[in-house]
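Please examine the sequence and the structure shown below before reading on. The paragraphs that follow lead through the strands, the cores and some individual residues.

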Amino acid sequence: MKFLGRILAIFSMGAQSAYGLSLEHVQSAVFPESKAQFEGTRVGGLSSLTQKDNLFWAVSDDKGQFGEPRLYGFQVEWTGKQLAISLQKVFRLSSGKDTLLKPKAVDFEGSAWLGDSWLLASEGAYHLRPKEM
């Protein structure tokens with residue numbers, strides 16, 4: 001499931017399909033604006049959802065245009081009638097002197113927590129030829 005821009009949709013299991021599974025849209029939540037700020041960062045577009053330490057995490061999908069690559073941790077509360085999202089943490093991904101995470105060199109689309117470290121998937125840098133990371 002991709003966390004598109006500022007929208008999070010919650011689904012529940014509905015009537016069963018031929019394969020025994022189906023989804024039903026329950027509620028959506030939208031961040032107030034595309035230029036939302038959090039702890040000195042511009043939130044912008046987000047991709048991927050991973051749950052870790054009672055938070056959902058999404059990776060920044062701005063290709064480094066508005067700061068270093070970063071992960072955002074947020075809480076989701078569902079009252080049965082309304083969905084609320086509140087940002088809790090930002091985890092900045094920096095490489096120090098290494099150029100692996102140079103500006104506009106990564107386009108993170110996927111993330112997973114593997115017990116003691118993050119696994120992040122990038123589409124690479126499409127403005128560079130040949131494509132590189």
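In this predicted model, strand β9, residues 108-113, pairs with strand β10, residues 118-122, in the antiparallel sense, and five bridges join the two strands. One of the bridge pairs can be located easily: Trp 113 has Trp 118 in β10 as its bridge partner. Together, β9 and β10 form a hairpin, with four residues between them. The turn contains Gly 115, whose phi is positive, at about 95°.

Within strand β9 the reader will find Gly 110. Is Gly 110 buried or exposed? Its relative accessibility is 17%, and residues under 20% are classed as buried, so Gly 110 counts as buried. Leaving aside neighbours within four places in sequence, Gly 110 is in contact with Ser 48, Leu 119, Leu 120 and Ala 121. A further relation links Gly 110 to Ala 58: the two are 52 residues apart in sequence, yet their C-alpha atoms are 8.5 Å apart in space.

The next element is a sheet. Four strands make up an open sheet with antiparallel pairing, and their order is β5-β6-β7-β8. The edges are occupied by β5 (46-52) and β8 (83-92); each has a single partner strand, so one side of each is left without a neighbour in the sheet. From one strand to the next, the twist averages 30°. At one end of this order, β5 pairs with β6, residues 55-60, in the antiparallel sense over five bridges. An example is Leu 46, whose bridge partner in β6 is Ser 60.

The nonpolar cores come next. In soluble globular proteins, nonpolar side chains tend to be buried together. Which residues form the largest nonpolar core of this model? There are nine: Ala 36, Phe 38, Val 43, Leu 46, Ala 58, Tyr 72, Phe 74, Leu 87 and Val 90. Strands β7 and β8 each supply at least two residues of this core. Another core, of seven residues, lies apart from it and includes Trp 57, Val 59, Leu 71 and Phe 108.

Arg 70 deserves separate attention. This residue is found in strand β7, residues 70-78, and it is buried, with a relative accessible area of 1%. What lies around the side chain of Arg 70? One polar atom of this side chain is 2.8 Å from the backbone oxygen of Arg 42, and the backbone oxygen of Glu 68 lies 2.7 Å from a polar atom of the side chain. Beyond its neighbours within four places in sequence, Arg 70 is in contact with several residues, including Thr 41, Val 59, Asp 62 and Phe 91.

Charged side chains provide a further theme. Side chains of opposite charge can pair when their charged atoms come close. How many salt bridges are counted in this model? The count comes to three. In one of them, Asp 62 pairs with Arg 70, and the closest N and O atoms are 2.5 Å apart. Asp 62 counts as buried, at 7% relative accessibility. In another, the side chains of Arg 92 and Glu 68 meet at 3.4 Å, N to O. Arg 92 lies in strand β8 and Glu 68 in the loop between β6 and β7, so this pair ties together parts that are 24 residues apart in sequence. Arg 92 counts as partly exposed, at 36% relative accessibility, and Glu 68 is likewise partly exposed, at 33%.

Lys 52 and Asp 53 also form a salt bridge, in which the closest N and O atoms are 2.4 Å apart. Lys 52 is buried, with a relative accessible area of 15%, whereas Asp 53 is exposed, with a relative accessible area of 58%.

Asp 53 leads to a final topic, the backbone angle phi. Most residues other than glycine have a negative phi. Asp 53, in the loop between β5 and β6, has a positive phi of about 50° although it is not a glycine. Glu 39 also has a positive value, near 45°, and is a residue other than glycine. The place of Glu 39 is in the loop between β3 (37-38) and β4 (41-42), and at 48% relative accessibility this residue counts as partly exposed.

Definitions and conventions: Residues are numbered from 1 along each chain as its sequence is written. This is a predicted model: local features need pLDDT of at least 70, side-chain atom pairs count only at pLDDT 80 or more; totals for chains, interfaces and linings use all residues. Side-chain values use heavy atoms; hydrogens and water are left out. Two strands pair if DSSP finds at least two bridges between them. Axes are lines fitted to C-alpha atoms, for helices over the stretch in contact, and angles run from 0 to 180 degrees between N-to-C directions. Buried means under 20% relative accessible area, exposed over 50%, partly exposed in between (1.4 Å probe, protein chains only). A polar contact is a pair of N or O atoms within 3.5 Å; within protein, one must be able to donate a hydrogen and the other to accept it, and residues adjacent in sequence count only if both atoms are side-chain atoms. Contact means heavy atoms within 4.5 Å. A nonpolar core is a set of buried Ala, Val, Leu, Ile, Met, Phe, Trp, Tyr and Cys residues joined through side-chain atoms within 4.5 Å. A salt bridge is a side-chain nitrogen of Lys or Arg within 4 Å of a carboxyl oxygen of Asp or Glu.
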